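Thank you for passing this model along for comment. My remarks are set out below as numbered points, to be read alongside the coordinates.

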Amino acid sequence: MEPALQQLLDDIGPRLHRIRQDRGLTLEELAAATGISVSTLSRLEAGKRRPTLDLLLPLATTYRMALEQMIGAPMTGDPRIHLTPHHRQTRTRLDSVVIPLTTYPGRLQVFKQILSPSAEPPILVTHPGHAFFYVLAGTVRLLVADQERLLKPGETADFDAGLPHWFGPADRTAAEVLHLFGPHGDRFTPSALPVV
């Protein structure tokens with residue numbers, strides 16, 4: 001086997017371990033979600049089990065990731081279509097994984113954001129701009145000034161980022177949002193189309 005391919009295969013286990021930790025899942029929770037036994041998942045993450053499609057596909061589905069992104073496959077084709085995740089970390093924990101979906105500066109920014117659970121109390125922040133997000137998975141707890149809301153998949157939030165705010169998972173499960181941010185206070189104008 002070519003050294004580059006062998007290295008790619010050797011790196012899959014640690015990548016899978018890191019992805020599971022980023023999402024705040026235990027092996028037991030992942031086993032329940034994928035139907036793969038705890039012992040198989042443990043051996044896969046430790047590099048003691050060969051990664052096969054019948055193991056990787058349920059993981060990619062559960063993690064909502066493209067298979068090539070999950071295993072760290074080399075980029076092919078046009079590099080502009082490959083998304084690069086960024087890890088935001090506080091002093092004590094991984095706060096979230098942010099995947100930019102737009103790259104132009106100074107205009108509306110769009111991100112997919114995976115929010116990690118934490119036992120730390122929320123710290124409200126303020127900054128210029130306007131925020132909007134759509135919950136993809138999990139339950140999101142949103143604090144804006146003195147108001148609190150719990151948002152489920154399919155629900156949205158729209159608020160002035162100049163108000164003290166914080167959002168994160170409502171429980172010990174990671175949450176995913178599609179996050180739009182207007183750096184200059186840009187607001188979003190939804191328009192409803194008639195149903196035909």
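The points that follow go from the overall layout to the helices, then to the strands.

1. The model is a predicted one, and the remarks here should be read with that in mind. The protein chain contains five helices and nine strands, and, read from the N terminus, the order of its elements is α-α-α-α-α-β-β-β-β-β-β-β-β-β.

2. Of the 196 residues in the protein chain, 37% count as buried. Among the contacts with a separation of 6 or more, 58% are made by residues 24 or more positions apart.

3. The helix pair H2 (residues 27-34) and H4 (residues 53-63) deserves a look, since the two axes come within 9 Å and cross at roughly 105°. Angles of 65 to 115 degrees count as roughly perpendicular, and H2 and H4 are therefore described as roughly perpendicular to each other. On the H2 side the contact is made by Leu30, Ala33 and Thr34, which meet Pro58, Leu59, Thr62 and Tyr63 of H4. By class, this contact of H2 with H4 comprises five nonpolar residues, two polar residues and no charged residues.

4. Within that contact, Pro58 can be followed individually. Pro58 is found in helix H4, and is it buried, partly exposed or exposed? Its relative accessible area is 22%, so Pro58 is partly exposed, given that buried means under 20%. The C-alpha atoms of Pro58 and Ala33 are separated by 8.6 Å, with their positions 25 residues apart along the chain counted as the sequence separation. When neighbours within four places in sequence are left aside, Pro58 is in contact with Thr34, Ile36 and Leu53.

5. Which residues of helix H3 (residues 38-45) are buried? They are Thr40, Leu41, Leu44 and Glu45, and because these four cover an arc of only 130° around the axis, they lie on the same side of H3. In an α-helix there are 3.6 residues a turn, so residues three or four places apart point the same way. The cover over the buried residues of H3 includes helix H1 (3-22), together with H2 and H4. Just after H3, Gly47 adopts a positive phi of about 80°.

6. Turning to the strands, an open sheet is formed by three of them in the order E6-E5-E8, with antiparallel pairing. E6 and strand E8 (165-169) stand at the edges with a single partner strand each, so one side of each is left without a neighbour in the sheet. From one strand to the next, the twist averages 15°.

7. Within this sheet, strand E5 (residues 140-144) and strand E6 (residues 147-151) run antiparallel and are joined by five bridges; the bridge partner of Leu143 in E6 is Glu148. E5 and E6 form a hairpin with two residues between them, and Ala145, which is in the turn, has a positive phi of about 55°.

8. A last residue to inspect is Gln109, which lies in strand E3 (residues 109-115). Why does Gln109 count as buried? Its relative accessible area is 15%, and buried means under 20%. Gln109 and Phe181 are 72 residues apart in sequence, yet their C-alpha atoms are 5.2 Å apart in space.

Methods:
Residues numbered from 1 in each chain as written. Predicted model: local features only at pLDDT ≥ 70, side-chain atom pairs only at ≥ 80, totals over all residues. Heavy atoms only, no water. Buried < 20%, exposed > 50% of the residue type's maximum accessible area, 1.4 Å probe, protein only. Pairing = 2+ DSSP bridges. Axes fitted to C-alpha atoms, helices over the stretch in contact; angles between N-to-C directions. Parallel < 35°, antiparallel > 145°, perpendicular 65-115°, else oblique. Contact = heavy atoms within 4.5 Å. Nonpolar A, V, L, I, M, F, W, Y, C, P; charged D, E, K, R; others polar. Arc of directions from axis to C-beta.
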